[in-house]
Amino acid sequence: MALLPILCYPDPRLHTVAKPVAQVDDRLRQLVADMLETMYDANGIGLAATQVDVHERLIVIDVSEERDQPIVLVNPEITWASDDKRVGDEGCLSVPGIYDGVERSLAVKVRAQDAQGQERTVEAEGLLAVCIQHEMDHLLGKVFVEYLSPLKRNRIKTKMLKARREAERA
Ligand code: NI
């Protein structure tokens, strides 16, 4: 197992559109294990492969209190999303320290394979539904701050670049 470096907004690689996972094999399971370790280490509830600079359709999630219920979604597709939507605060491991409101469907159904290659459908609501939609956006090269106003987004971009410069100097 290994911790993977997480790309930070506004890194242009975060805007890469992910390709389907061709084969669920040991290489993929190793990536899944590393992504889970990276997500838990960073206290995140979700991580898309895009964020660790692997541009394949793979997401790991754990919204449980005990951090012991990992969900692995390989080649996920949202097959249904509720018309009922709500604005809730979101954060992202690629945009540390920033939280802001994004409108999401309250419930979704997603079809995906698991780490064994088994096809499954996950019915999600609440935090899990929001998390799935957020991570699926990453696979399309979209970061949640892109839902915010250009003014807010530029402010966040400036803040992130400043933080990076300070980290490099330290
Ligand atoms: Ni994110």
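## A buried aspartate in helix 2

Asp137 counts as buried because its relative accessible area is 11%, under the 20% cut-off for that class. This residue is found in helix 2. Setting aside neighbours within four places in sequence, Asp137 is in contact with Arg104, Lys142 and Tyr147. The structure described here is a predicted model.

## The nickel site

Which residues coordinate the nickel ion? The donors are Cys92, through its SG atom, together with His134 and His138, each through NE2, at 2.1 to 2.2 Å. Along the chain, these donors follow the spacing C-x41-H-x3-H. Cys92 and His134 link distant parts of the chain, being 42 residues apart: Cys92 lies in the loop between strand 4 and strand 5, whereas His134 belongs to helix 2.

Are Cys92 and His134 buried or exposed? Cys92 has a relative accessibility of 10% and therefore counts as buried. His134 is buried as well, with a relative accessible area of 8%.

## The nonpolar cores

The largest nonpolar core contains 17 residues. Within this core, Ile59, Ile61, Leu73, Ala124, Leu128 and Ile132 touch the most other members. At least two core residues come from each of the following elements: strand 2 (58-61), strand 3 (71-81), strand 6 (107-113), strand 7 (119-125) and helix 2 (126-139). Helix 2 gives the most to this core, with 6 residues.

A second core, separate from the one above, has 15 residues, including Leu31, Leu36, Leu47 and Val74.

Ile61 illustrates the contacts of a core residue. Not counting residues up to four places away in sequence, Ile61 touches Met39, Ile45, Gly46, Gln69, Pro70, Ile71, Leu73, Leu128, Cys131, Ile132 and Glu135.

## The largest pocket

Rolling a probe the size of a water molecule over the atoms reveals where empty space remains. The largest pocket has a volume of about 530 Å³. Its lining consists of 29 residues, and those nearest the centre of the pocket are Ile45, Asp89, Glu90, Gly91 and Leu127.

Which element gives the most to the lining of the largest pocket? Helix 2 does, with 7 residues. Strand 4 (85-90), strand 5 (100-105) and helix 2 each supply at least two residues of the lining. Sorted by class, the lining has 13 nonpolar, 11 polar and 5 charged residues.

## Helix 2 in summary

Helix 2 recurs in each part of this account. This helix holds Asp137 and the nickel donor His134. Helix 2 also gives the most residues to the largest nonpolar core and to the lining of the largest pocket.

Notes: Residues numbered from 1 in each chain as written. Predicted model: local features only at pLDDT ≥ 70, side-chain atom pairs only at ≥ 80, totals over all residues. Heavy atoms only, no water. Core = buried A, V, L, I, M, F, W, Y, C linked by side-chain atoms within 4.5 Å. Buried < 20%, exposed > 50% of the residue type's maximum accessible area, 1.4 Å probe, protein only. Helix = DSSP H or I, 4+ residues; strand = E, 2+ residues; numbered from the N terminus. Contact = heavy atoms within 4.5 Å. 1 Å grid on protein atoms, 1.4 Å probe; cavity = no way out; pocket = protein on both sides within 12 Å on 5 of 7 lines; lining within 4 Å. Points joined across faces, edges and corners; volume = space filled by probe spheres on them. Nonpolar A, V, L, I, M, F, W, Y, C, P; charged D, E, K, R; others polar. Donors = N, O, S within 2.8 Å, 3.2 Å for Na, K, Ca; no water.
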